[in-house]
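Biologist: I have a structure open and would like to learn how to read it. Could you walk me through it, one feature at a time?

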Amino acid sequence: MKKLFKYSLFLAVLLINSGAGCGGNKTDDPEPGAQAFLRMKINGKAWTATSKITGVAGKVPGIADQGIISFSGDAGKDNLTVNIYGSTAPGSYTIIPQSAGGSIAALSLSDGSVNGSYLSTKAPGSSLTVKVTQASSERVAGTFSGTLNLEYALGSGTAGPTTVTITDGEFLTID
């Protein structure tokens with residue numbers, strides 16, 4: 001039952017990041033030719049999202065009535081999703097296992113099959129700090145760093161480390 005809840009939460013995150021969010025605090029319009037990106041180092045190794053780079057800052061009725069800042073991206077079968085509940089404004093946010101409002105950062109790593117690792121700020125000892133510099137329905141930008149620990153294995157086994165240190169994280173999403 002606990003895994004079903006986690007998968008439901010993950011699906012809600014994907015729904016939000018697919019563009020279902022609306023509204024928000026408009027801070028500026030994207031520059032012509034600006035490109036979305038999401039990149040970081042995982043245990044010192046470069047990771048760059050290659051598809052599905054999305055983000056939103058605003059209120060989502062029924063899901064995030066108090067507001068949400070969200071961004072995500074995929075690199076092959078790996079995915080990073082960050083949801084900060086309760087705000088739509090730029091600022092510094094630290095997500096820990098007991099974050100108010102259920103804020104979460106989650107990283108799914110796959111070995112290319114059905115096996116993988118789900119590391120998140122719900123796991124004890126995890127923490128991710130996000131500095132949001134721009135937040136609107138058209139753009140979310142900032143930096144992030146921290147440590148994510150294994151919350152559970154996907155499939156029949158883990159893929160990769162059970163703890164990751166994220167450094168040099170940066171993102172820009174453009175709607």
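Modeller: Happily! Let us begin with strand pairing: two strands count as paired if DSSP finds at least two bridges between them. Keep in mind that this is a predicted model.

Biologist: Good. How many bridges join strand 6 to strand 9 here?

Modeller: Strand 6 and strand 9 are joined by 5 bridges, and they run antiparallel. To find your place, look for Ile95, which stands opposite Leu128 in strand 9.

Biologist: And which strand forms a hairpin with strand 9?

Modeller: That is strand 10; 3 residues lie between the two strands of the hairpin. Strands 9 and 10 pair over 8 bridges, again in the antiparallel sense. Lys131 is a handy marker, with Thr143 of strand 10 as its bridge partner.

Biologist: Let me step back. What does the secondary structure of the whole protein come to?

Modeller: It comes to 1 helix and 11 strands. Along the sequence, the pattern reads α-β-β-β-β-β-β-β-β-β-β-β. Contacts tell you about the fold too: among those with a separation of 6 or more, 63% are between residues 24 or more positions apart.

Biologist: Next, burial. What share of the residues counts as buried?

Modeller: The cut-off is a relative accessible area under 20%. Of the 175 residues in this protein, 45% count as buried. The protein exposes about 8,200 Å², and carbon and sulfur atoms supply 56% of that area.

Biologist: Where do the nonpolar residues gather, and which of them touch the most other members of the largest core?

Modeller: A nonpolar core is a set of buried nonpolar residues joined through side-chain atoms. The largest one has 28 residues, and Leu80, Val82, Leu107, Val130 and Phe144 touch the most other members. Several elements give two or more residues to this core, including strand 1 (37–42), strand 4 (64–75), strand 5 (78–85) and strand 11. Strand 9 provides the largest share, with 4 residues. Apart from this core lies another, of 5 residues, among them Ala106, Tyr118, Tyr152 and Leu154.

Biologist: I would like to zoom in on Val130. What is it in contact with, beyond its neighbours in sequence?

Modeller: Once neighbours within four places in sequence are set aside, the contacts of Val130 include Phe71, Val82, Ile84, Tyr93, Ile95, Phe144 and Phe171.

Biologist: Now a single strand. Are the residues of strand 8 mostly covered or mostly uncovered?

Modeller: Strand 8, residues 116–120, is mostly covered, with 5 of its 5 residues buried. Look at both faces: Gly116, Tyr118 and Ser120 point one way, Ser117 and Leu119 point the other way, and all are buried.

Biologist: Which strands does strand 8 pair with?

Modeller: On one hand there is strand 7 (residues 104–110), paired with strand 8 in the antiparallel sense over 5 bridges. In that pairing, Ser110 stands opposite Gly116. On the other hand, 5 bridges join strand 8 to strand 10 (residues 139–154), and these two also run antiparallel. There, Asn149 of strand 10 is the bridge partner of Ser120.

Biologist: Ser120 keeps coming up. Why does it count as buried?

Modeller: Ser120 counts as buried because its relative accessible area is 0%. Its side chain makes a polar contact of 2.4 Å with the side chain of Glu151. Setting aside neighbours within four places in sequence, Ser120 is in contact with Ile104, Ala105, Ala106, Ser126, Leu148, Asn149 and Glu151.

Biologist: Is Thr173 in strand 11 buried or exposed?

Modeller: Thr173 is buried, since its relative accessible area is 2%. Its contacts, leaving out neighbours within four places in sequence, include Ala36, Ile53, Phe71, Glu138 and Val140.

Biologist: Last, the backbone. Which residue of strand 3 has a positive phi without being a glycine?

Modeller: That is Lys52, with phi near 55°, in strand 3 (residues 51–60). Lys52 counts as exposed because its relative accessibility is 61%. Asp168 has a positive phi of about 55° as well, although it is not a glycine. Asp168 is found in strand 11 (residues 163–174), and it is exposed, with a relative accessible area of 51%.

Conventions. Residues numbered from 1 in each chain as written. Predicted model: local features only at pLDDT ≥ 70, side-chain atom pairs only at ≥ 80, totals over all residues. Heavy atoms only, no water. Buried < 20%, exposed > 50% of the residue type's maximum accessible area, 1.4 Å probe, protein only. Polar contact = N/O pair within 3.5 Å; in protein donor to acceptor, adjacent residues only side chain to side chain. Contact = heavy atoms within 4.5 Å. Areas by Shrake-Rupley, 256 points an atom, 1.4 Å probe, with all protein chains shown as cover. Core = buried A, V, L, I, M, F, W, Y, C linked by side-chain atoms within 4.5 Å.
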